[in-house]
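Welcome to a short set of exercises on reading a protein model. Keep the viewer open, try each task yourself, and then compare your reasoning with the worked solution.

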Amino acid sequence: MPPPSPALIHLLAQAEAFASDGDSAGARALYHCVLDRSPGNQRALDGLTALKDWETRAAGTTAALAAGQSSLEAGCLEGALDHFTRALSLNPGEGLALQGLGLTLMRLNRYAEAEIPTQALLEQVPDHPQALTNLGLIRHHQGRPDMAQAAFAQALAADPDYVPAHVNMAGLLIDLGRTEEALSHLERAAALRPNAADIQVNLGLLHRQWGREVEAEAAYRQALALQPDRTEAYEFLSVLSSYRPTDADIDRIRSLLARPNLPLGDRRRLVTALSRAMEFRGNREEARALLGEANGLRRRELPHDPEREWSQARNTMARFATWTAPSPEADPKGSSSSPRLVFIVGPPRSGTSLVEQILASHPLVRGIGEAPFFPNALARAMDRSPGEGGPRPEPGFLNETDFLNEPGFLDEIARFYLSDLETLGVTEPVVVDKQLINIWNLGLIRASFPNARIIHMLRDPMAVGWSIWRSFFGNDGHAFAYDLAHIGQHLLTLQALMDFWRDRDSRGILDMDYDRLTEHQEEETRRLLDFLDLPWNDACLRFHETRRAVVSASSQQVRRPLYRGSSDRWKEHAEELAPLAEVLARGRT
């Protein structure tokens with residue numbers, strides 16, 4: 001067969017270029033044109049075969065992508081994982097498949113794996129807003145707030161109107177205590193997407209943290225106007241001290257509860273809201289029954305094993321059995337300009353937020369709320385991500401001390417903690433951290449920061465238990481809080497753990513009794529400031545006037561002057577609280 005003419009060679013080159021650009025129709029037409037002129041041309045035949053293979057793979061990729069997206073939207077995450085993986089097996093560089101796979105793995109809490117397709121997509125498209133936002137979420141869950149912020153900022157530089165980047169940047173900034181900056185991002189997101197009920201809910205939560213209850217209620221109401229079955233808006237409304245449930249609110253909640261096949265989480269939120277509405281209306285029996293139902297539903301969402309928690313506590317105490325606390329006057333870690341750290345611990349609802357607010361009212365003190373800086377620093381020092389493989393690690397993981405004898409381990413913890421602290425722009429010489437999970441790690445905290453001080457809150461356990469039982473907790477970190485017996489066992493575990501730490505560190509720990517503080521405010525406040533070597537400041541008595549965000553269930557109480565008698569309210573519910581009282585009376589056996 002004679003060699004192809006220059007014209008045929010040109011047609012073949014054009015066909016191959018079309019095929020390379022994805023224009024299969026154009027490529028096919030040119031290949032057939034070549035075959036019309038040169039029947040049996042092997043290059044054209046091979047080109048048509050390759051086109052057919054490509055089209056088969058493309059059709060399979062398209063189908064797999066569609067199935068993956070449908071599965072993802074339906075919450076069938078394992079199915080979505082299979083479909084996106086198949087799409088990538090057919091077309092390894094498919095951007096939509098990389099994007100879908102990364103998102104699916106994130107929703108499965110498999111963040112290290114999610115980073116692989118996310119980074120692969122960014123290699124193809126470095127300024128891809130969704131991939132950058134996903135990378136920011138991965139970094140946030142890995143306890144890398146500086147890297148998370150950089151990724152979100154990159155996403156917004158690529159597309160200043162990308163709403164998910166604004167929303168997730170706001171979430172990060174809230175965790176960092178930078179709530180005013182967070183508000184600007186949420187307000188921008190709301191302006192870009194005015195019909196998004198979820199953004200209005202987030203705005204309401206942020207306003208509540210600042211004590212702006214009128215604005216919070218308006219945002220929740222707006223969310224319900226946009227989406228009348230947005231159940232968390234009803235729940236969040238119900239915890240506002242200024243909320244007055246209307247007949248229409250109650251009727252709507254009851255109507256939603258009557259829906260068949262209502263998801264468990266939605267039912268729990270509505271029952272919680274209705275319980276509070278009935279309490280406000282004075283229907284105590286119905287309110288009590290609904291509260292029990294709501295907590296029962298929450299137990300199904302968040303199972304808790306108190307014996308496992310007690311085993312973890314015993315393990316911690318065994319590991320630190322021979323540990324001796326350093327002197328609280330020891331040299332600090334970090335540079336000479338590093339702030340002195342104060343850690344407030346105790347059960348939820350024991351007054352930790354109140355004491356932080358008192359201290360944060362002092363001009364030399366910065367309160368950082370429940371920032372996860374120490375758990376993150378410990379996880380990073382152990383070269384493990386706290387977001388990996390599931391929710392934030394359990395206390396048993398955080399208590400790991402096998403690394404204690406490794407050179408530099410404690411220095412690494414201190415370095416990571418202070419690095420995260422720098423993201424807040426702290427200028428005050430004293431920083432107060434009230435992350436309650438830190439009670440499990442007081443030994444590591446004092447070993448990492450020898451001059452740190454610990455404030456431990458004490459309160460009548462029945463009062464604490466009753467307050468926990470009826471409180472709203474917005475995260476999954478309080479699984480014990482929805483069973484009265486489990487609340488009692490949790491309080492006993494924390495008591496044993498705190499007794500253990502106190503025996504080994506009496507000089508570094510100050511016990512503060514909530515009720516004594518309410519009865520002798522100035523005397524106890526002076527004792528608190530003396531322990532921290534802080535000069536007296538009258539602003540600490542006017543803590544309720546201090547304007548700052550409070551990210552806890554006590555965000556409303558700390559904005560009022562101290563009042564007495566709150567620890568006696570449980571007595572009105574003594575019969576209901578019998579399971580709690582029995583556990584506390586029995587104690588640890």
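The axes used for helix packing are lines fitted to C-alpha atoms over the stretch in contact, and angles run from 0 to 180 degrees between N-to-C directions. Please bear in mind that this is a predicted model.

**Exercise 1. Describe how helix H23 packs on helix H27.**

Solution.
- Step 1: Begin with the geometry. Helix H23 (residues 461–469) and helix H27 (residues 578–586) have axes 10 Å apart, at an angle of about 140°.
- Step 2: Add the hand. The crossing of H23 with H27 is right-handed.
- Step 3: List the partners. H23 contributes Pro461, Met462, Gly465 and Trp466, while H27 contributes Leu580, Ala581 and Leu584.
- Step 4: Sort these residues by character. The contact of H23 with H27 has 6 nonpolar residues, 1 polar and no charged. Gly counts as polar in this scheme.

**Exercise 2. Do the same for helix H14 and helix H15, then look at the loop that joins them.**

Solution.
- Step 1: The axes of H14 (residues 247–257) and H15 (residues 264–281) come within 10 Å and cross at roughly 145°.
- Step 2: H14 passes H15 in a left-handed crossing.
- Step 3: On the H14 side, the contact is made by Asp247, Ile250, Ile253, Arg254, Leu256 and Leu257. On the H15 side, it is made by Arg267, Leu270, Val271, Ala273, Leu274, Ala277, Met278 and Arg281.
- Step 4: The residues of this contact divide into 10 nonpolar, 4 charged and no polar.
- Step 5: Now turn to the loop between H14 and H15, where Asn261 is found. Asn261 is not a glycine, yet its phi is positive, at about 60°. Asn261 counts as exposed because its relative accessibility is 76%, and the cut-off for exposed is over 50%.

**Exercise 3. Find out where Asn109 sits and what its phi is.**

Solution.
- Step 1: Asn109 belongs to the loop between helix H5 (95–107) and helix H6 (111–124).
- Step 2: Its phi is near 65°, a positive value in a residue other than glycine.
- Step 3: With 25% relative accessibility, Asn109 counts as partly exposed.

**Exercise 4. Which residues touch the most other members of the largest nonpolar core?**

Solution.
- Step 1: Recall a general tendency: in soluble globular proteins, nonpolar side chains tend to be buried together.
- Step 2: The largest nonpolar core has 92 residues, and Tyr417, Leu421 and Trp501 touch the most other members.
- Step 3: Helix H21 (residues 409–422) supplies the largest share of this core, with 8 residues.
- Step 4: Take Leu421 as an example. Leaving aside residues up to four places away in sequence, Leu421 touches Pro339, Leu341, Ile368, Phe373, Val426 and Val431.
- Step 5: Look for a second core. A separate one of 29 residues includes Ala197, Leu262, Ala273 and Phe472.

**Exercise 5. Is Arg340 buried or exposed, and what does Arg340 touch?**

Solution.
- Step 1: Arg340 lies in strand E1 (residues 340–345).
- Step 2: Arg340 counts as buried because its relative accessibility is 16%, and the cut-off for buried is under 20%.
- Step 3: Not counting residues up to four places away in sequence, Arg340 touches Pro429, Val430, Val431, Asn451, Arg453, Leu532 and Asp533.
- Step 4: Check a C-alpha distance as well. Arg340 and Val365 are 25 residues apart in sequence and 9.5 Å apart in space.

**Exercise 6. Locate two loop residues, Ser38 and Trp210, and decide whether each is buried or exposed.**

Solution.
- Step 1: Ser38 has its place in the loop between helix H2 (24–37) and helix H3 (42–73). At 13% relative accessibility, Ser38 counts as buried.
- Step 2: Ser38 and Ser5 are 33 residues apart along the chain, with C-alpha atoms separated by 9.7 Å.
- Step 3: Trp210 lies in the loop between helix H11 (197–209) and helix H12 (213–226). Trp210 is buried, with a relative accessible area of 12%.
- Step 4: Trp210 and Glu180 are 30 residues apart along the chain, and their C-alpha atoms are separated by 9.4 Å.

**Exercise 7. How many disulfides does the structure hold?**

Solution.
- Step 1: The structure holds 0 disulfides.
- Step 2: Compare two cysteines. Cys76 is partly exposed, with a relative accessible area of 44%, whereas Cys540 is buried, at 0%.

Conventions: Residues are numbered from 1 along each chain as its sequence is written. This is a predicted model: local features need pLDDT of at least 70, side-chain atom pairs count only at pLDDT 80 or more; totals for chains, interfaces and linings use all residues. Side-chain values use heavy atoms; hydrogens and water are left out. A nonpolar core is a set of buried Ala, Val, Leu, Ile, Met, Phe, Trp, Tyr and Cys residues joined through side-chain atoms within 4.5 Å. Buried means under 20% relative accessible area, exposed over 50%, partly exposed in between (1.4 Å probe, protein chains only). Helices (H or I, at least four residues) and strands (E, at least two) are DSSP runs, numbered from the N terminus. Contact means heavy atoms within 4.5 Å. A crossing is left-handed if the near helix is turned anticlockwise from the far one by less than a right angle, and right-handed if clockwise. A disulfide is a pair of cysteine sulfur atoms within 2.5 Å.
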